Structures are given as C-alpha cells and as structure tokens.
Amino acid sequence: MEYELLGFNIYAWITMVTVLSIFFVMARTRIPAEVAFLGALTVLLVTGVVTEEEGMAGFGSEPVVVHAAFFVIIGGLIQSGVLYWLTKNVLGDPSSYRYAVFRLMLPTSILAAFLNSVNVVALFIDAVKIWSRKLNIAPSKLLLPLSYAATLGGMCTLLGNSSNLVVAGLYMSETGQSMNLFEPLLPGFILTVIGVFMVVMLQKYIPSRAPAEQSFETTSDYTVELLVPTDNPAVGSSVSEAGLMQVKGGSLVEIVRFDREIIMPVPKDEWILGGDRLIYAGQINEILELKRTHGLAAADHHVWSINDIDTKRKMRTAYVTFGSELIGHSMTESDFEQRNDVVLVAVARQGRRVEGQPREIRLQAGDSLLLECPPKDDEKLEHDNRRNLKFFDSHFVPQIGPKTITSAIILILMFFLSSFHFLPLMATTMLAAGAMMVLKCCRWDNVVKYIEWELLLVLGSTVVFSIAISKTGIADIIAHDVLDLCGSNPYVVMAVMCLLASFVSEFVSDVGSSAVFFPIMYKQALLMGCNPLPFVMALMLSVTISFASPIGSSCHMLIYGPGSFKFTDFARLGIWMHIVLLAVALVIVNLIYPLYI
C-alpha cells in the first residue's frame, strides 16, 4: 500500500517540493531560470515522478516548437529591415508629453500582439531614448509606458506572451482542441485600452529618473592620461612592480604606446616604456596624485574620448541584467574582462555615476557600465554575454529593399493561415521560419544567434511540471480543497485562483506560474461541471498582469537599467494597474465565455 501524508503520496510531495524550490530559487537567488528549471526536471526524472517519454514530450510540445520557429522569423524581420522601418516610422513629433505617451503606447501594443512583447521592447529602447532627448524629458517617463504597452498588447494573441502559448498548449493537451491565434483578442484588447488610458491619465505616478548616459557624456570627467617620462625610474619595470596597476582612486585601463599600439586590458606583467601614455579610470583628483608620488607628467592632450577616431577601440554602454553572474561582485573578483577583451571604465546607478574605483565597485542589477571594447565582433560580444549584460548602443542599420517586403509578406501570410485555421499554429510558424531562410531574409549562419535557448528550456520544463502536477494527483486534491474552502461558486473559485496566480507572477516567471496553476484550475472547472475555457482564459490573462515589480515581466527587466529605475518605481502605478486590470479581466472573461455549455 502506498504511503500517504495529508492525502498526498510520495511522488506528489516530491513534485510540490520541487516546484516550490524553483519559485524560491528564482525569487531569492541569481541562479539562471533555465538552470533552476532543468535541475527540477532532473529531480522529477530521477525520482520516477515522470517517465523519460513524458520528460522529452515537453521539449517537443507546441509552445517550444512555435517559439523556436518564431525566433527565426524575428531574425528575418530584423535582418531584412522590417523592424528597423517600423521603429523609424511609428514615432512622430508630438506636441506634449501626454500625447507622446499615447503615440508610443498605441503602436507598441499593436506590434507586441504580433511580434511578442519582449522583442518589441528590446527593439524600441534605443529609439525611445533618442526620442526622449528630442522631447527634453527623462527616458524613464517613456520607457515605463513602453513596457506596460508591450505587456498589454501581448495579451491579445497567443504569440504575444510566452505564457499565452504555454496555456494554449496545455489546453490542447487536455482537450485535443487547438486555440485560435486570436482567441484572447477581445478581452486582451479591452484590457489594453483600459491600461493605456490609466497610464495616460495617471502619468504623475511615472517617475522621472536621470539617464545613466549623463554620467558618460564626457570621458575627461572619469578618465585621465598620464605620460611616463623617459627618465622615470619605472621604465623597464612591469606596471605591477611599479605600483601603477591598481592605484588609489582608480585603475589602469589602457596603455597607448608611442607607435599608436593599444594595450587593453593591461596585463600585470606589461613592461613600462618611456613615452607611454597611461590611461586611468576612477576618481580623477586622487589619480592625479601619481604625478607627485610616481613622477608622471600630465599628457599634453586628452586623446581618449567616446568618439575616438582611433579604430583600435570603441566605447559601449551595457546594463547588468537580472540573474547576471556579475551581481554582487566587482570586476577585480572575476575574469570577465579578460574573457571578453574589455575594460570597465565607469559605473552609473539610477542615473548617477558611482564614485570610487570602477573595477572595485560591487555591481547590482540595472547598473549601467561604460566599457572599452574592441571595434570588431560586436555581435559575438553581445551574444556571449547576453546572460550578464544587455547592450543598447548597437548601430546596426539594415538595408531596406526587396527582402524587406518579402519578409513582411511572409509574416502576414503566417497570421492569415493560422487565423483562418488553414494550418495549425505550429505548422504555420515552422513554414514561415523555413521561408525566411529559403528566401534569404535570414542568413543561415545567423539563425542560431536569434534563438533564445534558455527560454526554450524553461518552456519545455514547465510543460513537464504541469504533467507531473496532474499525474501525481496534486491538481485533484488542491482543486477539491479550494472548492471545500470557497464553496462551489465558480466565480469565487476563479477569482481566488487568478488572484493567487497573478500575485505569484509578480515575483517569479509568468510561464512557471501558468504551468503550475493550469492543471488545478482546469480540474476545478470539471469538478464544478463548468466550461474549462473561461477558467483557462482568466488564467492566461491574470499571470500576464504583472505591473508592480520589475521581475514580474521580462519587458520590465529590459527597461530597468536603461531607465535608471528603482525597484519600487514600478509599484507606484503598477499596483493600481494590477488591481484594476485583474478585476476587469475576471468580469470580461465571464461575459465573453459561457461558464456552462
């Protein structure tokens, strides 16, 4: 006889502890999401909670395949210039801030429904920051509406948010019925209209934060060049032996030789030659003491600037992402600079430069970094470090031409075929991705660069967790317990579960939250003799209504650094957005979808 505790067998307890551990790890540690999810999946496989076939089934499910194909489609739209054309032409020249917010949120929400909310925010950040300078307002005043608009617009289609696809895929597994691509369009559209109206009317709750770039506009504010005289005693010694590597107030980031040779990063055993220009970053007034203590001279001119004409180096701005391995550490404690051939020159936090030696500063999520980088291999640098840093100074400008039109037509046909059920969503996205490559809208050698493998691993794992929750009887038991507690009123049950799911989503992945709550809500609907569809749609919308914290949405995480936000900035308007939109969502869903069929 199988041992049970509180009604749950050993496999159910393993599943619950494993799933709760994921939420704890994601909320309290910097372990990457895909590592946490794969670790949990390993536990379920090793303990026999799920079989190998069930474990592999998640990675071949509709959400994973559709996302993989859509990444290729997005790559084609980027390389062919479609998205560049959109970002260039959708923004106008508004006469007031209120009109600017409306002008930004309307096209953003529309594009997010078709191109996925995260992709749209990533594409628009640079354009919005340039736009804010033209309007003479803080970037944060536009970046927050950008993120909110993309999140709202993403509710309108299955492709708009990753959690939408997860819920749709799980629904198809349970019922055998495929959702229409535009199934959530009507409730999503109503919520988007209300959300945009709230942002426009409650703009006073949007904080004004100084952009980090203000700290990086003049390199002479945080860099200094000192010349090594030919008769200096340090000539012939290494920079470490001469005490010129790590100095009071800063650090040596570069040496410029008399023959224009650039040494960057500077190794500790690099020899000092007469005539070398030593470039330091940090507290300039303290670094200048080297002239007195080490016999250095002031350089006759400052040749190092952001727009340096020398082709051997360039300056780039990046932001520390949530979950980055750099958080809590300084550059001197890691080999990040050596691995990537870069040097940290300055750090800004919440719009202000952080005083002190840059390489000794312990970094935080959202910190803005000014890095000196090689001029080539920009794409490799960004790709290799996308887990740790997000670069927002890319100057890639695609060529607008016939392929632009071709890729746009492919996208339109994909939506047409899926919307009218000529082909399933999985088939249409795979067909569109293949067309992008065959017609050379997306280069074969660049396809892999656009695929977010980490997200695919998370999506595949969440599907397996949902299977485990159903298989072990957790969904049945919790569904019965909630019904005993709340009664058999379907409206009350739906409201309680959606409130809990939306709250969890503010602190962990909306994808994970949707996978955990789906089998429970689906089982509740069946137990009450109700149509499962309204419960499923309510869950799909509620997990996306995450506006009160920066970690509640990938869109919010993207703007956190560029907008120089504080963690609490999102709550000022986000709490009101969360409460109002969740209440409206529950009402709309029950008006559109019948509870009983």
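A pocket is an open set of grid points with protein on both sides within 12 Å along at least five of seven lines. In this predicted model, the second largest pocket encloses about 360 Å³ of space. Its lining is made up of 17 residues, and those nearest the centre of the pocket are Met 16, Leu 20, Ile 478, Val 516 and Ile 520. Four helices each contribute at least two lining residues, namely α1 (10-28), α19 (474-486), α20 (490-505) and α21 (510-527). Of the lining of this pocket, α1 provides the largest share, with six residues. The character of the lining is easily summarised by class: 16 of its residues are nonpolar, none is polar and one is charged.

Attention can now turn to enclosed space. Rolling a probe the size of a water molecule over the atoms shows where empty space is left. Across the whole structure, the search returns one cavity of 30 Å³ or more. The volume of the largest cavity is about 40 Å³. Around the largest cavity lie Leu 83, Leu 86, Thr 87, Leu 111, Leu 115, Val 120, Leu 123 and Phe 124. Two or more of the lining residues come from each of α5 (82-89), α6 and α7 (117-135). Sorted by class, the lining of the largest cavity holds seven nonpolar residues and one polar residue, with no charged residues.

Helix α6 covers residues 97-115 and includes Phe 114. On the surface, Phe 114 joins Tyr 99, Phe 102, Leu 106 and Ile 110 in a nonpolar patch, and together these five residues have about 440 Å² of accessible area. Phe 114 counts as partly exposed because its relative accessibility is 30%.

The charged side chains come next. In total, the structure contains nine salt bridges. One of them pairs Glu 54 with Lys 471, whose closest N and O atoms are 3.0 Å apart. Glu 54 belongs to helix α3 (residues 52-59) and Lys 471 to helix α18 (residues 453-471), so this pair ties together parts that are 417 residues apart in sequence. Glu 54 has 22% relative accessibility and therefore counts as partly exposed. Lys 471 is also partly exposed, at a relative accessible area of 43%.

A further salt bridge brings together the side chains of Glu 325 and Arg 339, at 3.0 Å from N to O. This pair links distant parts of the chain, 14 residues apart: Glu 325 sits in the loop between β9 (314-320) and α13 (336-340), and Arg 339 sits in helix α13. With a relative accessible area of 45%, Glu 325 is partly exposed, and Arg 339 is partly exposed with a relative accessible area of 46%.

Arg 292 and Glu 289 also meet through their side chains in a salt bridge, with an N to O distance of 2.7 Å. Residues with over 50% relative accessible area are classed as exposed. Arg 292 is therefore exposed, at 63% relative accessibility, whereas Glu 289, at 37% relative accessibility, is partly exposed. Finally, Arg 257, Glu 270 and Asp 276 are connected to one another in a network of salt bridges.

Note on methods. Residues numbered from 1 in each chain as written. Predicted model: local features only at pLDDT ≥ 70, side-chain atom pairs only at ≥ 80, totals over all residues. Heavy atoms only, no water. 1 Å grid on protein atoms, 1.4 Å probe; cavity = no way out; pocket = protein on both sides within 12 Å on 5 of 7 lines; lining within 4 Å. Points joined across faces, edges and corners; volume = space filled by probe spheres on them. Nonpolar A, V, L, I, M, F, W, Y, C, P; charged D, E, K, R; others polar. Patch = residues over 30% accessible without salt bridge, like charges linked within 9 Å, V, L, I, M, F, W, Y side chains within 5 Å. Areas by Shrake-Rupley, 256 points an atom, 1.4 Å probe, with all protein chains shown as cover. Salt bridge = Lys/Arg side-chain N within 4 Å of Asp/Glu carboxyl O. Buried < 20%, exposed > 50% of the residue type's maximum accessible area, 1.4 Å probe, protein only.
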